[in-house]
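Thanks for making time this morning. I would like to walk you through one model, beginning with its strands and then moving to what lies inside.

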Amino acid sequence: MDTEASIISKSPEETINFAKELVKPCQGGEVFALIGELGSGKTQLVKGAALALGFKGEVTSPTFSLVHCYKGEKFDIFHIDLYRVENLPPSLSHYLEEILYGEAICFVEWPQKIEKLLPSWTQYWEITIIAQNERKIKRIR
């Protein structure tokens, strides 16, 4: 996908459909850093990706559990939410590194909290709230 790629999503369904297209070329090991304020649609994007990758269950934000793993048809999908993390203990740091450098496809909300752990191939996506049901989704690096 083009580094300048961006869309205006006018509904959660459009965000889900965008994510389905985003993960089509995935081969395993991809990491997506999702930047956006609370309620911007980061979890909707993960939901679309998980659906496209064959996950049949419910996708929810792992705000309190930090990590959810969804079993896809070919790949596991890890959804990491670091919103509530203040200080990263070494054990959690090691666990996240294992996930981020593995074969699963990873989505990281609030990635700035683990910037140094993220692989060099991480795709950074920013989701900006434009209006109540309108979001700009843009690859920023």
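Let me start with a question: which residue in strand 7 is the bridge partner of I7? Please keep in mind that this is a predicted model. The partner is I137, and this pair belongs to a setting in which strand 1, residues 6-9, and strand 7 run antiparallel to each other over 4 bridges. Strand 7 also pairs with strand 6, again in the antiparallel sense, this time over 6 bridges, and the two form a hairpin with 2 residues between them; within that pairing, I129 stands opposite R135.

Looking at strand 7 itself, residues 134-139, you will find R135, I137 and R139 on a covered face, while E134, K136 and K138 lie on the uncovered one. In a regular strand, side chains alternate between the two faces of the sheet.

Turning to the interior, the largest nonpolar core has 23 residues, and those touching the most other members are V23, F32, L34, L45, I105, F107 and W125. Helix 1, strand 2, helix 2, strand 5 and strand 6 each supply at least two residues of this core, with helix 2 giving the most, namely 4. A second, separate core of 20 residues includes V31, L66, L82 and W110.

Helix 2, residues 42-52, has as its buried residues K42, T43, L45, V46, G48, A49 and A50, and just after this helix G54 takes a positive phi of about 95 degrees. Finally, leaving aside residues up to four places away in sequence, F107 touches, among others, L45, V46 and A49, as well as V23, F32 and L34.

Key
Residues numbered from 1 in each chain as written. Predicted model: local features only at pLDDT ≥ 70, side-chain atom pairs only at ≥ 80, totals over all residues. Heavy atoms only, no water. Buried < 20%, exposed > 50% of the residue type's maximum accessible area, 1.4 Å probe, protein only. Core = buried A, V, L, I, M, F, W, Y, C linked by side-chain atoms within 4.5 Å. Contact = heavy atoms within 4.5 Å. Pairing = 2+ DSSP bridges.
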